[in-house]
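Q: I would like to go through this model term by term. For each label, give me the value, then the rule behind it.

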2 protein chains.
Amino acid sequence: MARSTARAAAAKREQILEAAILRFGRQSYEDTSLRAIAADVGIDVAHVHRSFGSKELLFADAVRATTRPERFLGGPPGLLAARLSAEILVRQAMHDNGEVGPLDILMRSLSSREASRILHDSTLADFIEPISKMTYPSSARRASMIAAVLLGIGVLRDILRIEPLLDTEDGEIQQLTIQLLKVLIGDRPHDVAAGAAEGDNR
Amino acid sequence: MARSTARAAAAKREQILEAAILRFGRQSYEDTSLRAIAADVGIDVAHVHRSFGSKELLFADAVRATTRPERFLGGPPGLLAARLSAEILVRQAMHDNGEVGPLDILMRSLSSREASRILHDSTLADFIEPISKMTYPSSARRASMIAAVLLGIGVLRDILRIEPLLDTEDGEIQQLTIQLLKVLIGDRPHDVAAGAAEGDNR
DNA sequence: GATTTAGCGCAACGCGTGTTGACTAATTTT
DNA sequence: AAAATTAGTCAACACGCGTTGCGCTAAATC
């Protein structure tokens with residue numbers, strides 16, 4: 001065998017991306033080899049490489065595919081803290097289902113030199129920038145601090161596997177996280193429950 | 001030349017460790033090669049390797065040498081938040097002086113598979129455990145969350161170089177950080193200023 | 001149906017890594 | 001002063017990596 005139909009080829013490209021996402025969601029950029037991804041799909045390394053141009057481009061595509069800001073951007077701003085903390089803490093469940101969340105890839109490849117430029121850009125554009133508009137006062141700094149809190153918790157839990165953070169059955173961690181986020185999000189002056197009425201440009 | 005005196009050899013071992021600390025404080029475990037460290041000291045790779053047994057052991061020694069919990073453990077508990085936030089934010093200055101702080105190595109090699117076991121143990125023993133005793137209520141979870149906040153800020157600033165966090169001239173970031181830490185440290189019931197009087201076993 | 005195109009595998013290149021064995025020369029030890 | 005130990009080098013090994021040239025074959029295109 002040597003060639004498949006055009007549509008089948010596109011589907012295979014998708015399979016490669018899927019396999020890459022799973023790998024990058026579990027291991028660092030360096031620990032993930034194109035050969036392993038190829039083996040997952042059952043094809044040759046060369047094909048993986050050529051389908052995306054380079055390892056770095058494949059990684060960038062994987063990051064792009066798992067970044068879905070809508071997840072936490074929708075809904076009333078009053079519940080932003082709750083939604084963000086859920087995003088971090090629910091991931092355990094996703095992980096077991098083989099899903100890869102937006103923060104997974106970021107966390108695993110933080111300290112990779114080649115990956116960090118891509119991660120920088122994605123973090124800034126897809127998280128900090130949109131979140132900026134949801135703090136009061138609107139502030140890229142507060143948004144960055146929010147990212148810091150979420151990332152820090154994620155890293156300690158999922159990368160370093162610090163035991164005290166692993167058990168989330170009771171809601172203590174979630175409760176603390178929400179408290180922290182609320183400090184950073186700040187209070188809108190007239191934000192009781194109707195919330196999203198004033199000066200909100202979404 | 002081929003051999004030096006016993007004391008000179010011990011000094012050279014110290015030089016190797018020093019060079020390793022500088023490297024590990026700037027680059028990830030993977031990006032730091034024994035050859036580079038050897039070149040810094042002006043000796044052969046083999047000698048670096050044999051002096052410490054393996055790259056992993058050298059790394060462990062570097063972590064141990066830069067971990068000095070006394071830095072933030074001393075002093076009245078009421079000022080803990082301020083001291084911890086300073087530890088994170090002052091690092092810019094240290095960095096320029098060629099010093100390597102306790103968090104630098106941790107941050108840089110977070111996502112390295114080989115390094116993570118060492119980092120896990122060090123974080124737990126040298127940070128979370130002692131900090132646990134300084135929260136109210138005393139809690140490993142709160143201590144872990146403190147570590148998460150500090151690490152998150154450090155990572156976003158120094159690894160991802162997220163711009164909004166780079167400028168710390170005005171005190172906003174520090175102020176926000178202190179607010180967050182205070183939430184996690186909690187309030188001792190009768191802690192006004194005399195502070196360290198009651199039930200404190202230090 | 002002939003010709004061009006493109007999916008895909010095979011094999012190899014070049015590079016950088018941690019690690020090891022052999023060897024040398026100088027310092028300790030006896 | 002002889003013998004044993006050891007700091008240190010040189011060269012090489014084995015491995016894994018991303019990447020690339022080449023060729024084959026089936027699908028597109030005409």
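A: Start with residue class at one surface. The surface near DNA strand D has 9 nonpolar, 7 polar and 9 charged residues. This is a predicted model, in which local features need pLDDT of at least 70 and side-chain atom pairs count only at pLDDT 80 or more, while totals for chains, interfaces and linings use all residues. Residues are numbered from 1 along each chain as its sequence is written, chains are lettered from A and ligands numbered from 1 in the order written, and side-chain values use heavy atoms, without hydrogens and water.

Q: What makes a residue of the surface near DNA strand D nonpolar, polar or charged?
A: Its type alone. Ala, Val, Leu, Ile, Met, Phe, Trp, Tyr, Cys and Pro are nonpolar; Asp, Glu, Lys and Arg are charged; the others, Gly among them, are polar.

Q: Which residues come nearest to DNA strand D, and how many are around it?
A: There are 25 residues around DNA strand D, and T5(A), H49(A), R50(A), R3(B) and H47(B) come nearest. A residue is near a strand if one of its heavy atoms lies within 4 Å of it, so each of the 25 meets that limit. Of the strand D atoms within 4 Å of the protein, 57% belong to sugar or phosphate and the rest to bases.

Q: Why is the pairing of R3(B) with a base oxygen of DNA strand D called a polar contact?
A: A polar side-chain atom of R3(B) lies 2.6 Å from that base oxygen. A polar contact is a pair of N or O atoms within 3.5 Å; within protein, one must be able to donate a hydrogen and the other to accept it, and residues adjacent in sequence count only if both atoms are side-chain atoms. The 2.6 Å distance is within the limit, so the name fits. Elements giving two or more residues to the surface near DNA strand D are α2 (34–41) and α3 of chain A, with α1 (6–24) and α3 of chain B. α3(A) gives the most, with 4 residues.

Q: What makes T5(B) and L34(B) partners of phosphate oxygens of DNA strand C?
A: An N or O atom in the side chain of T5(B) is 2.6 Å from a phosphate oxygen of strand C. L34(B) uses a backbone N or O atom, at 3.2 Å from a phosphate oxygen. Both values are within the polar-contact limit, so both pairs qualify. R3(B) also places a polar side-chain atom 3.3 Å from a base nitrogen of strand C.

Q: Why is R141(A) with E172(B) called a salt bridge?
A: Their closest N and O atoms are 2.7 Å apart. A salt bridge is a side-chain nitrogen of Lys or Arg within 4 Å of a carboxyl oxygen of Asp or Glu, so this pair passes. The interface of chain B and chain A holds 8 salt bridges by this rule. It also holds 15 residue pairs in polar contact, both residues at pLDDT 80 or more. On chain B, α8 (102–108), α9 (113–132), α10 (140–159) and α11 (172–185) each give two or more residues to the side touching chain A. α10(B) gives the most, with 14 residues. That side of chain B divides into 25 nonpolar, 12 polar and 11 charged residues.

Q: What makes a residue part of the contact between chain B and chain A?
A: Contact means heavy atoms within 4.5 Å. The contact takes 48 residues from chain B and 48 from chain A.

Q: How do you know how much area chain B and chain A bury between them?
A: Buried area is the accessible area (1.4 Å probe) that two parts lose on being put together, summed over both. Here the value is about 3900 Å², 70% of it on carbon and sulfur atoms.

Q: Where do the domains of chain A begin and end, and what sets those bounds?
A: Chain A is divided into domain 1 (6–65) and domain 2 (67–185). The bounds come from an automatic or database domain assignment. The domain centres, taken over C-alpha atoms, are 25 Å apart. About 1400 Å² is buried between the domains, with 57% from carbon and sulfur atoms. In domain 1, E56(A), F59(A) and V63(A) lose the most area to domain 2, together 34% of what that side buries.

Q: What makes E56(A) and R117(A) a salt bridge?
A: Their side chains meet at 3.4 Å, N to O. This is within the salt-bridge limit, so the pair counts. The rule finds 1 salt bridge across this domain interface.

Q: How many helices and strands does chain A have, and what makes a run count?
A: Chain A has 11 helices and 0 strands. Helices (H or I, at least four residues) and strands (E, at least two) are DSSP runs, numbered from the N terminus.
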